[in-house]
Amino acid sequence: MRRDPKGILEELRSKAEKCTGCGLCKTRANLVFGVGPANAEVMLVGEAPGFWEDQAGIPFVGAAGKNLNALLQEAGLKREEVYITNVVKARPPGNRDPTEEEIAACRPFLQGQISAIGPKLVVALGRIAAGELLGRPVAMSREHGSLVDCNYAGVNFKLFLTYHPAAGIYSGRTKMELQDDFRKLGGILKKLGISSVTKQPQGR
Ligand code: URA
C-alpha cells in the first residue's frame with residue numbers, strides 16, 4: 001500500500017536534518033527543507049537558501065521570496081497551495097552557487113520530495129533548478145517561458161522554466177520577463193485544469 005506523502009516528507013526531513021553528505025551542514029543555521037501541502041499539484045524549485053531562509057528554516061522568505069509572492073499572484077496561485085523547495089537544502093556561505101557535490105548530496109531529498117508529492121507541474125526557478133530537473137544545462141534567456149515534459153525520480157510532470165525571482169531585483173527587463181512568464185503560467189495551469197488557480201492574472 002502507498003504510504004501517505006505527509007509521512008514520507010516528514011521522514012525525509014528528519015533524514016535531511018541528520019545528513020552530513022556535504023560541508024553545508026557545518027555552516028548552516030537551519031535546514032531549509034521545503035514548505036507546502038504534501039498533495040500540492042504545483043511545486044516550485046529554487047536554487048538554495050539565502051541568509052533569511054537560513055535564519056527562518058523556510059524557503060523564499062527574503063527579498064527573492066517577496067518577488068516570488070508577487071509573481072505567484074500574477075499566475076493566480078496562492079503561496080499556501082504550492083509546495084516550495086530548493087535543489088540544495090542548506091545555505092551555501094555568502095550565497096554562492098551550490099557546487100556539483102552539494103547538489104549531488106541533496107539529490108535524494110529532492111527526488112524523494114517529487115516522488116512523494118507527485119506534482120502535475122513543477123516550476124524551475126532559475127538555471128540551477130532547471131539543470132537539475134532536466135539533467136542538462138539550461139540557458140534561461142533562451143528557454144524561459146517554455147513548458148516541457150520532464151521525468152525526474154521516475155515521476156512524469158510538466159516543467160515550466162523561468163528565471164530565478166532574485167534576477168528580477170537586479171534587472172528591470174528580467175522583472176518584466178518574469179511577470180510575463182508567470183502570467184503565461186496562469187494560462188497553462190487553467191488549461192491543465194489545475195485546481196489551485198484562484199484568480200485571473202492581472203493586466204499590466
Ligand atoms: N533563493 C533560492 O533559490 N531559494 C530560496 O529559498 C531563497 C533564495
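The paragraphs below describe the fold, the salt bridges, the cysteines and a surface region of this predicted model.

Because the model is predicted, local features need a pLDDT of at least 70 and side-chain atom pairs count only at pLDDT 80 or more, while totals for chains, interfaces and linings use all residues. Residues are numbered from 1 along each chain as its sequence is written, and side-chain values use heavy atoms, with hydrogens and water left out.

It is convenient to start with the overall architecture. The protein contains nine helices and five strands, where helices (H or I, at least four residues) and strands (E, at least two) are DSSP runs numbered from the N terminus. Their order along the sequence is α-α-β-α-α-β-α-β-α-α-β-β-α-α. The radius of gyration, taken over C-alpha atoms, is 16 Å, close to the 17 Å that the globule rule gives for 204 residues, so the protein is as compact as a globular protein of that length. The globule rule is 2.2 Å times the number of residues to the power 0.38. Along the principal axes, the C-alpha trace spans about 45 × 45 × 30 Å.

Burial and contacts fill in this picture. Of the 204 residues, 51% count as buried; buried means under 20% relative accessible area, exposed over 50%, and partly exposed in between, with a 1.4 Å probe and protein chains only. With contact defined as heavy atoms within 4.5 Å, 71% of the contacts between residues at least 6 apart in sequence join residues at least 24 apart. The accessible surface comes to about 9,800 Å², and 52% of this area belongs to carbon and sulfur atoms. Accessible areas come from the Shrake-Rupley method with a 1.4 Å probe, and for residues only the protein chains shown count as cover.

Charged pairs come next. Side chains of opposite charge can pair when their charged atoms come close. A search of the whole structure finds nine salt bridges, each being a side-chain nitrogen of Lys or Arg within 4 Å of a carboxyl oxygen of Asp or Glu. In one of them, arginine 183 pairs with glutamate 74, and the closest N and O atoms are 3.0 Å apart. This pair links distant parts of the chain, with arginine 183 in helix α9 (residues 172-191) and glutamate 74 in helix α4, 109 residues apart. Arginine 183 counts as buried at 17% relative accessibility, and glutamate 74 is buried as well, at 14%. Arginine 183 also meets aspartate 180 in a salt bridge of 3.3 Å, N to O. Arginine 183 and aspartate 180 are separated by about one helical turn, because they lie three residues apart in helix α9. Aspartate 180 is partly exposed, with 37% relative accessibility. Glu74, Asp180 and Arg183 are thus linked in a network of salt bridges. A further salt bridge joins the side chains of arginine 136 and glutamate 143 (3.0 Å, N to O); arginine 136 is partly exposed at 34%, whereas glutamate 143 counts as buried at 18%.

The cysteines offer a contrasting case. The structure holds zero disulfides, a disulfide being a pair of cysteine sulfur atoms within 2.5 Å. For cysteine 25, the closest cysteine sulfur is that of cysteine 22, and the 6.2 Å between the two sulfurs is too far for a bond. Cysteine 150 is likewise in no disulfide, the nearest cysteine sulfur, in cysteine 106, being 18 Å away. Cysteine 25 is partly exposed, with a relative accessible area of 24%, while cysteine 150 is buried at 5%.

Finally, a nonpolar patch appears on the surface. Val35, Phe51, Trp52, Ile58 and Val61 make up this patch of about 440 Å². Patches are made of residues with over 30% relative accessible area and no salt bridge, with like charges joined within 9 Å and nonpolar side chains (Val, Leu, Ile, Met, Phe, Trp, Tyr) within 5 Å. Valine 35 is found in the loop between α2 (24-27) and β1 (42-46) and counts as partly exposed at 34% relative accessibility. Trp52 of the patch is also touched by glycine 62, which contacts Glu53 too, not counting residues up to four places away in sequence. Glycine 62 sits in the loop between α3 (51-56) and α4 (63-74) and is buried, with a relative accessible area of 11%. From glycine 62 to glycine 34 the C-alpha distance is 15 Å, with their positions 28 residues apart in sequence.
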